[in-house]
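Me: I'd like to go through this structure and ask what stands behind the labels. Can you take the terms one by one?

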Amino acid sequence: MQAVEIRKDIYWVGAIDWSMRSFHGYQTGRGTTYNAYLILDEKITLIDTVKETFAAELLARISSVIDPARIDYIISSHVEPDHSGAIPFMMEHCPNAKIITSLPNGLKGLTARYGDLPYEGVNANDTINIGSRTLQFVPTPMLHWPDSMVTYCPEEKILFSNDAFGEHLASSQRFDDENDLPTVLWEAKKYYANILMLYGRQAQAAFQALNGLKINMIATGHGIIWRSHIDDILACYQKWAACAVEERAVVVFDSMWHSTETIARTIAEAFEQRGIPCAYYDIKENHLSDIMTDIMTAKYLAVGSPTINNQMLPTIASFLCYLKGLSPKRHQGFAFGSYGWGGQSIMQVEEELKAAGIEIILDKIRIANVPTAEQLQAITQSIQTL
Ligand SMILES: Cc1cc2nc3c(=O)[nH]c(=O)nc-3n(C[C@H](O)[C@H](O)[C@H](O)COP(=O)(O)O)c2cc1C
């Protein structure tokens, strides 16, 4: 377990979680990393720790460079345990370290989790001098917890960005230019869609706060470190924070006996015939976190469920609950489905779409039993004239 030098006297000392597949329900098909950084200066500083179960890996990487007992500061960018979980373990090995955390929420959160430790609270734009370098703290509240902050080092032009600009991606190579860029950007989009989408306004405020900082490296809290494609990830974040949508459609549905599926297929083909690319998700075969990644930047969303016991199917209810929480903006959509007698599910889906902030642009499509050729033809026509 070796540290990786990312700049003279600055080391990546985090952990690689190759086998992580579910991060509080977000499917992490490519694993993840918990990034921590060690700066060797007059005051030795550790930026973030790792998930508790990886504490020994963190300690081993630090020990490959220095005696951990020499650490003066541990900066906690965010109380969530994937970054702070190893703080108590590290404090056993760093008897002289002070823990730097944001005021008031970082201090409250760390105290609630780990009890009394030698904390030092910092406010917006406070700095500490660690020798030949300065560290400046910039709050990024609700990206994605109240205490979140980033650390900027002006002498190095490095932004230690914690959860911003990161992605769940395990790799033995630390930098953007050593990894497949489309894969990294897709995972960064997935991260934004599932963790940050709700906080677009706060993301825009954070951009304002970071505006004007000269940055030649973004050392993230998860995944790769940006050094060659900084403009690409900043441009993506600008677009995502502004909730920009493309002329694309997403169809999400479940079906017991294929009638709703037939309607879903007809809707997807109708969008394609109109020249609007359309993604098609049978919810039984696709994970919510992947579907949400696609929805974030697609203008149109059609959601379908047959009626079961006077309700929509629980899979679609779960999807709509997740959608409502992430609160996508600027989307338009409609509900569809097949039913046997009452047909309540289609009304319920429409109501939930409205509650999620989706503008309804087509009256709900309710088909009793199996759709006829004429009914499918009518659906195609209604989408042509949207
Ligand atoms: C277990 C079960 C419960 C159902 N409950 C209702 C119901 O409460 N109201 C209704 O309108 N249809 C109900 N149906 C009928 C289905 O909604 C209907 O067969 C519909 O066409 C199924 O669409 P699908 O082929 O997309 O699954 C039920 C069907 C099943 C199998």
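**Behind the labels**

Reply: Sure, starting with the ligand: the shell around it divides into six nonpolar residues, twelve polar and no charged. Keep in mind that this is a predicted model.

Me: What makes a residue part of the shell around the ligand, and which are the closest?

Reply: The test is a C-beta atom within 6 Å of the molecule. In this model 18 residues surround the ligand, with Met256, Trp257, Thr260, Pro306 and Gly340 the closest. The elements giving two or more residues to that shell are α8 (259-273), β20 (307-308) and β22 (332-339).

Me: Why is asparagine 309 called exposed?

Reply: The cut-off for exposed is 12 or fewer other C-beta atoms within 10 Å. Asparagine 309 has 9, so it counts as exposed. You'll find asparagine 309 in the loop between β20 and β21 (311-312).

Me: And what makes asparagine 310 exposed?

Reply: Asparagine 310 has 12 C-beta neighbours inside 10 Å, and the limit is 12 or fewer, so it counts as exposed. Asparagine 310 is also in the loop between β20 and β21.

Me: What is notable about phi in asparagine 309 and asparagine 310?

Reply: Phi of asparagine 309 is near 50°, a positive value in a residue other than glycine. For asparagine 310, phi is near 70°, again positive and again not in a glycine.

Me: How much of the protein counts as buried, and how do you know that a residue belongs there?

Reply: A residue is buried with 20 or more other C-beta atoms within 10 Å of its own. Of the 386 residues, 47% count as buried. As for overall dimensions, the C-alpha trace spans about 80 × 40 × 35 Å along its principal axes.

Me: Back to α8. How do you know that α8 and α12 are in contact, and which residues do it?

Reply: Two residues are in contact if their C-beta atoms lie within 7 Å. On the α8 side, Ile263, Thr266, Ile267, Ala270 and Phe271 meet Leu376, Ile379, Thr380, Ile383 and Gln384 of α12. The residues of this contact divide into seven nonpolar, three polar and no charged.

Me: What describes the packing of α8 on α12 (residues 373-384)?

Reply: Two packed helices are described by the angle between their axes and the distance between the axes. For α8 and α12 the angle is about 35° and the axes are 9 Å apart. The crossing of α8 past α12 is right-handed.

Me: What makes the contact of α5 (residues 181-196) with α7 (residues 230-241), and how do its residues divide by type?

Reply: The helices pack at an angle of about 30°, with axes 11 Å apart, and their crossing is right-handed. Leu185, Ala188, Lys189 and Tyr192 of α5 make the contact with Asp232, Ile233, Cys236 and Trp240 of α7. The residues divide into six nonpolar, no polar and two charged. Lys and Asp count as charged, so Lys189 and Asp232 fall in that class.

Me: Why are β12 (127-129) and β16 (217-220) said to stand at the edges?

Reply: They belong to an open sheet of five strands, in the order β12-β13-β14-β15-β16, with mixed pairing. Each of β12 and β16 has a single partner strand, so one side of each is left without a neighbour in the sheet. On average, neighbouring strands of this sheet are turned by 20° against each other, direction ignored.

Me: How do you know that β12 and β13 pair?

Reply: Pairing takes at least two bridges. Three bridges join β12 to β13, so the two strands pair, and they run antiparallel. Asparagine 129 has threonine 134 in β13 as its bridge partner.

Me: What about β1 (residues 4-7) and β2 (residues 10-12): how many bridges do they have?

Reply: They pair in the antiparallel sense over three bridges, against a cut-off of at least two. Glutamate 5 stands opposite tyrosine 11 in β2. The hairpin has two residues between the strands, and aspartate 9 takes a positive phi near 65° there.

Me: Last one: which peptide bonds are cis, and what is omega for each?

Reply: Among them is the bond from leucine 103 to proline 104, with omega near -5°. Proline 104 lies in the loop between β10 (98-102) and α4 (105-114). The bond from leucine 143 to histidine 144 is cis too, with omega near 5°. Histidine 144 is in the loop between β13 (134-139) and β14 (149-153).

Conventions. Residues are numbered from 1 along each chain as its sequence is written. This is a predicted model: local features need pLDDT of at least 70, side-chain atom pairs count only at pLDDT 80 or more; totals for chains, interfaces and linings use all residues. Helices (H or I, at least four residues) and strands (E, at least two) are DSSP runs, numbered from the N terminus. Axes are lines fitted to C-alpha atoms, for helices over the stretch in contact, and angles run from 0 to 180 degrees between N-to-C directions. A crossing is left-handed if the near helix is turned anticlockwise from the far one by less than a right angle, and right-handed if clockwise.
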